[in-house]
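Student: Pick one sheet in this model and take me through it closely, please. I'd like to know how it is put together and what sits around it.

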Amino acid sequence: MKQRILKMLKNSEDFISGEEISKEFHMTRAAIWKYINSLREDGYNIESVPSKGYKITSLPDILTLGEVEPYLSTNFIGRNIQYFDTIDSTNKRAKEIAFDENEGTVIISEEQTDGKGRLGRHWISPKGKGIWMSMILKPKVDPMKVSKITLLGAAAVYKALEDMNIKSQIKWPNDILIDGKKICGILTEMNCELNMINYVIMGIGINVNFDEEDIPMDLKDKATSIKVSQNKEINRKELLGNILNQFENLYIDFRDEKSISKTIEICRENSALIGKEVRIIKREETRVGKALDINEEGELVVEFEDGVIENVYSGEISVRGLNGYV
Ligand code: ADP
């Protein structure tokens with residue numbers, strides 16, 4: 001009901017009287033007053049003038065469905081957003097509810113107190129400054145293909161930024177960089193039987209409006225934010241809407257087991273690694289080579305020092321530049 005009242009207020013440029021609202025929703029003026037106050041607590045500025053009624057004067061910078069919806073053109077991705085002000089980890093929450101929720105459900109929190117990167121590494125997620133989200137997917141494909149979803153996510157983030165005139169690069173397989181520094185990480189996790197996927201959780205963390213001082217000292221050489229790089233505040237709702245739109249478009253090909261060449265092309269053409277010397281780190285072992293390409297399977301093609309060319313599967317590996325992060 002709160003959302004319906006909010007929609008009515010948003011759709012009107014002028015004041016709406018309490019009487020009009022109470023007629024529309026068959027409720028008392030006192031009940032409406034309660035909803036209006038609750039919306040105010042959520043951050044909506046609502047002016048009230050006794051003879052005229054209510055009018056919204058400003059919207060809060062929050063990533064609820066109500067605020068993101070105007071930017072969405074999807075059919076099923078992001079049409080159900082579970083929104084939190086704070087949470088330990090959006091991936092963790094998504095895993096808890098994945099069996100009961102439909103494909104495309106998205107968990108979003110304004111902050112994560114225990115956000116995770118790959119291999120259990122800590123992911124910093126300060127309040128209101130980023131996009132911290134996890135998506136529930138249920139593709140009926142071979143579990144071996146799931147690592148490609150990370151590339152779909154990376155390509156979607158790349159395209160969404162491009163829509164806002166922001167140039168980035170994809171560091172295969174799971175990071176997005178601006179000016180050679182990480183602004184986004186993707187963590188894909190899966191629950192499956194032998195040859196059937198129960199669900200996939202794709203977590204995406206984006207440093208959107210971090211100021212310089214929000215980036216910890218020990219990450220300054222490898223992490224930045226979109227705001228720091230562009231020198232301006234970014235509309236998080238628009239960026240999130242763009243990402244969900246772009247992702248659905250790319251995901252449909254994957255889900256329907258069609259070619260994902262659109263995704264591969266985006267990852268290839270905007271790769272931070274192709275043509276560079278890289279270190280491929282797998283547990284204790286590090287090998288040095290040159291990244292040549294990303295193949296149609298989404299694997300990184302690397303020519304190692306001994307001249308052997310191998311397709312590297314994205315599993316549990318990390319890629320680094322010879323002397324630094326890239
Ligand atoms: P990589 O594959 O680059 O090592 P992961 O995907 O494992 O990265 O992400 C975890 C690492 O990312 C952490 O160990 C930390 O160094 C870094 N990190 C943590 N939070 C952030 C953030 N908000 N932005 C950029 N990098 C971060």
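Tutor: Two strands are said to pair when DSSP finds at least two bridges between them. With that in hand, and keeping in mind that this is a predicted model, here is the sheet I'd pick: seven strands in the order E3-E4-E5-E9-E8-E7-E6, open, with mixed pairing. Its edges are strand E3 (81-84) and strand E6 (169-171), each of which pairs on one side only. From one strand to its neighbour, ignoring direction, the turn is 20 degrees on average.

Let's go in through the E7-E8-E9 stretch. Strand E7 (residues 175-178) pairs with E8 in the antiparallel sense over four bridges. One of the bridge partners to look for is Lys 181 in E8, which goes with Ile 178. The hairpin here has two residues between its strands, and Asp 179 takes a positive phi near 50 degrees in it.

Next along the order, E8 and E9 are antiparallel too, with nine bridges between them. Four residues make up the hairpin connection from E8 to E9. If you want landmarks on this pair, Asn 191 has Tyr 199 of E9 as its bridge partner, and Gly 185 stands opposite Gly 205 in E9.

Now for the helices. Helix H5 (90-97) lies across E3, strand E4 (106-109), E5, E8 and E9, and its angle to E5 is about 25 degrees. Helix H6 (147-163) lies across E5, E6, E7, E8 and E9, running at about 145 degrees to E8. Those angles are taken between N-to-C directions.

What about the space around all this? The largest pocket holds about 590 Å³. Its lining counts 36 residues, with Gly 117, Arg 118, His 122, Trp 123 and Lys 182 nearest the centre. Our sheet has a hand in that lining: strand E5 (130-137), strand E8 (181-192) and strand E9 (197-207) each give at least two residues, as do H5 and E14. Sorted by class, the lining has 13 nonpolar, 14 polar and nine charged residues. As for where this pocket sits, domain 2 (65-269) and domain 3 (277-321) both contribute lining residues, so the largest pocket lies between them.

The second largest pocket comes in at about 460 Å³. It is lined by 25 residues, and the ones closest to its centre are Arg 118, Leu 187, Thr 188, Gly 315 and Glu 316. H5, H6 and E8 are the elements that give two or more residues to this lining, and the largest share, five residues, belongs to E8. Here the classes split into nine nonpolar, ten polar and six charged. This pocket also takes lining residues from both domain 2 and domain 3, so it too lies between them. Arg 118 is worth a second glance, as it is listed among the residues by the centre of the largest pocket and again for the second largest.

Let's step back to the domains themselves. The assignment gives domain 1 (2-58), domain 2 (65-269) and domain 3 (277-321). Between the centres of domain 2 and domain 3, taken over C-alpha atoms, there are 24 Å. In contact across that pair are 15 residues of domain 2 and 17 of domain 3.

Finally, over on the domain 3 side, there is another sheet to compare with ours. It is an open sheet of five strands ordered E13-E12-E11-E10-E14, with antiparallel pairing. Strand E13 (309-312) and strand E14 (317-321) form its edges, each pairing on one side only. The twist there averages 45 degrees from one strand to the next. Inside it, strand E11 (residues 285-294) and strand E12 (residues 300-304) run antiparallel and are joined by five bridges; for one such partner, look at Gly 289 and find Phe 304 in E12. E14, one of the edge strands of that sheet, is the element already met in the lining of the largest pocket.

Methods: Residues are numbered from 1 along each chain as its sequence is written. This is a predicted model: local features need pLDDT of at least 70, side-chain atom pairs count only at pLDDT 80 or more; totals for chains, interfaces and linings use all residues. Side-chain values use heavy atoms; hydrogens and water are left out. Axes are lines fitted to C-alpha atoms, for helices over the stretch in contact, and angles run from 0 to 180 degrees between N-to-C directions. On a 1 Å grid over the protein atoms alone, a cavity is a set of points where a 1.4 Å probe fits but cannot get out, and a pocket is an open set with protein on both sides within 12 Å along at least five of seven lines; lining residues have an atom within 4 Å of a point. Grid points are joined across faces, edges and corners, and a volume is the space filled by probe spheres set on the points. Ala, Val, Leu, Ile, Met, Phe, Trp, Tyr, Cys and Pro count as nonpolar, Asp, Glu, Lys and Arg as charged, and the others, Gly among them, as polar. Domain bounds come from an automatic or database domain assignment. Contact means heavy atoms within 4.5 Å.
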